[in-house]
Amino acid sequence: MEHVTTLIIGAGHAGLALSRALTHRSVEHVLLERGGPGHAWRSERWDSLRMLTPNWANGLPGAAYDGPEPDGFMTATEFADRLERYARAIAAPIRRGVTVTRVTRKDAGFRVETDHGIWAAETVVNATGATRLPRIPALARDLPSDIEQLTPHNYRNSEQLPEGDVLVVGASASGVQLAREIQLAGRHVTLAVGAHVRLPRRYRGRDIEFWLHRSGIYDERASEVEDLAKARRLPSAQLFGGGPVDLNALQLLGVEITGRLAAIREGKALFSGGLHNVVTAADLKMHRTLDRIDDWLEGHAETSGLATMRRPGPTAIPDQPRLSLDLRRGTVKAIIWATGYAADHSWMDLPVFDARGRLQHDGGVCPLPGLFVTGLPLLRRRRSHHISGAAADAQDLSYLITQHLDARRAA
């Protein structure tokens with residue numbers, strides 16, 4: 001059995017940021033990583049994926065982006081390479097190729113079982129993130145057996161799809177990007193649209209991310225959010241590094257949009273009739289966000305040199321959106337479930353989950369002393385799970401971990 005003060009499970013951007021912060025506080029620690037830094041970005045993303053945020057927004061603590069294209073959008077592989085270089089630069093103590101299988105309480109610390117031995121740790125940090133497992137709705141089991149099913153986790157490119165049309169379920173960032181790519185590859189795509197977040201790629205002459213950072217929206221604390229649980233479940237915004245990718249842009253390409261996929265019965269996909277309400281709600285929320293940006297600009301900046309307040313028009317929808325699609329005798333041969341991701345906490349054999357199986361924490365501090373979590377949506381701030389949110393959260397959590405260790409040793 002190996003012993004260490006702090007074990008960080010996961011060496012993605014959040015785990016690496018915390019490693020750097022703990023090193024600066026002289027806290028002995030080790031990161032356990034099933035692959036290597038950037039493993040998921042290399043092996044669990046589609047080929048053409050680019051980051052949702054501009055390069056300037058993807059700096060890591062102590063390593064701001066300094067390349068030639070600050071307003072460009074790096075590929076998933078390029079970001080994975082960046083994580084590898086960062087891990088070497090900060091001399092992160094990573095054990096690669098180690099999968100954690102179980103964590104239990106042991107005395108006042110933790111017993112961490114892996115496929116490469118057992119560890120004892122005074123504190124444990126879950127840095128595995130919120131996107132380990134693709135969410136596939138239960139109705140997927142009602143599909144005809146000859147319909148191929150994929151998720152953004154195992155989709156690579158349109159060439160792997162069988163001949164025929166494609167149904168993409170889900171209109172967050174992954175869904176709209178894949179619908180665009182597959183439609184442009186010459187396949188007809190139907191996109192089933194549920195609740196989503198609409199934002200323009202650019203606003204008033206700058207990338208929308210610039211204003212979300214500059215106005216302080218991303219720095220809003222979790223304690224300031226009115227419905228925190230709901231905010232943490234929000235899907236990623238309909239953004240794409242290559243240009244507009246909202247529902248209007250997709251329809252111009254020939255993508256057919258429908259309401260939310262509600263059921264599959266007797267080989268037919270049945271769609272909700274509430275598409276109008278869904279897109280209206282998304283449009284209203286977009287304008288509220290843009291209102292906040294404009295209000296901030298009025299109070300904090302000279303607006304005369306900025307582009308005018310030209311906003312996207314309302315989302316257009318068909319006069320009579322499709323309510324059903326025959327999957328047995330129709331032309332659809334594949335479905336992509338772009339219905340979000342879930343965290344994988346199955347290895348945590350600890351009393352820190354609520355009745356619905358959700359990990360409980362207060363700003364990354366779990367109810368079991370010595371257990372922490374990082375890299376989750378709205379952990380401490382609105383930007384917490386963004387690359388740009390890693391630095392502030394790592395500083396906060398490293399301080400709280402040090403506090404816990406000092407109190408334990410003083411007892």
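**Reading helices, sheets and a buried loop residue**

Me: Let's start with α8: what covers its buried residues?
Reply: The cover includes β11 (202-203), α5 (208-214), α7 (247-253) and β13. "Buried" means under 20% relative accessible area, with exposed over 50% and partly exposed in between (1.4 Å probe, protein chains only). Helices (H or I, at least four residues) and strands (E, at least two) are DSSP runs, numbered from the N terminus. One caution: this is a predicted model, where local features need pLDDT of at least 70 and side-chain atom pairs count only at pLDDT 80 or more, while totals for chains, interfaces and linings use all residues. Residues are numbered from 1 along each chain as its sequence is written, and side-chain values use heavy atoms, with hydrogens and water left out.

Me: Which residues of α8 are buried?
Reply: Here's the idea first: an α-helix has 3.6 residues a turn, so residues three or four places apart point the same way. In α8 the buried set is Leu275, Val279, Ala282, Asp283, Met286, Leu290, Ile293, Asp294, Trp296 and Leu297.

Me: How do I check the length of a helix such as α3?
Reply: Take 1.5 Å times one less than the number of residues; that's the expected span. Helix α3 (residues 76-89) has 14 residues and should span 20 Å, and its end C-alpha atoms are 20 Å apart, so the two agree. Helix α8 (residues 275-300) does likewise: its 26 residues reach 38 Å from first C-alpha to last, close to the 38 Å expected.

Me: Which residues of α3 are buried, and what covers them?
Reply: Ala76, Phe79, Ala80, Arg82, Leu83, Glu84, Tyr86 and Ala87 are the buried ones. Their cover includes α1 (13-24), α2 (39-43) and β3 (94-96). Just after α3, look at Ala91, which takes a positive phi of about 55°.

Me: At what angle do α1 and α9 pack?
Reply: Two packed helices are described by the angle between their axes and the distance between the axes. Axes are lines fitted to C-alpha atoms, for helices over the stretch in contact, and angles run from 0 to 180 degrees between N-to-C directions. For α1 and helix α9 (residues 390-410) the angle is about 50°, with the axes 8 Å apart. That pair is therefore oblique; under 35 degrees counts as roughly parallel, over 145 as roughly antiparallel, 65 to 115 as roughly perpendicular and the rest as oblique. At the interface, His13, Ala17, Leu18, Ala21 and Leu22 of α1 meet Ala390, Ala394, Gln395, Leu397, Ser398 and Ile401 of α9.

Me: What is the strand order in the open sheet of five strands?
Reply: Two strands pair if DSSP finds at least two bridges between them. The order here is β8-β17-β9-β10-β13, with parallel pairing. β8 (148-150) and β13 (256-258) stand at the edges with a single partner strand each, so one side of each has no neighbour in the sheet. From one strand to the next, the twist averages 20°. Helix α4 (residues 173-184) packs on this sheet, touching β9 (165-169), β10 (189-192) and β17, and its direction makes about 170° with that of β10. Between β8 and strand β17 (residues 332-337) there are three bridges in the parallel sense, and Leu150 faces Ile336 in β17.

Me: Where do the side chains of β15 point?
Reply: They alternate along strand β15 (residues 268-271): Ala269 and Phe271 point to one face and are buried, whereas Lys268 and Leu270 point to the other and are not. β15 is the middle of an open sheet ordered β14-β15-β16, with antiparallel pairing. Strand β14 (residues 261-265) is joined to β15 by four bridges, with Ile264 partnering Ala269. Between those two strands the hairpin has two residues, and Glu266 takes a positive phi near 50°. On the β16 side, Leu270 stands opposite Ser324 and Lys268 opposite Asp326.

Me: Last one: is Arg187 buried or exposed?
Reply: Arg187 is buried, because its relative accessible area is 13%. Arg187 sits in the loop between α4 and β10. Contact means heavy atoms within 4.5 Å; leaving aside neighbours within four places in sequence, Arg187 is in contact with Ser158, Leu161, Pro162, Glu163, Gly164 and Ile182.
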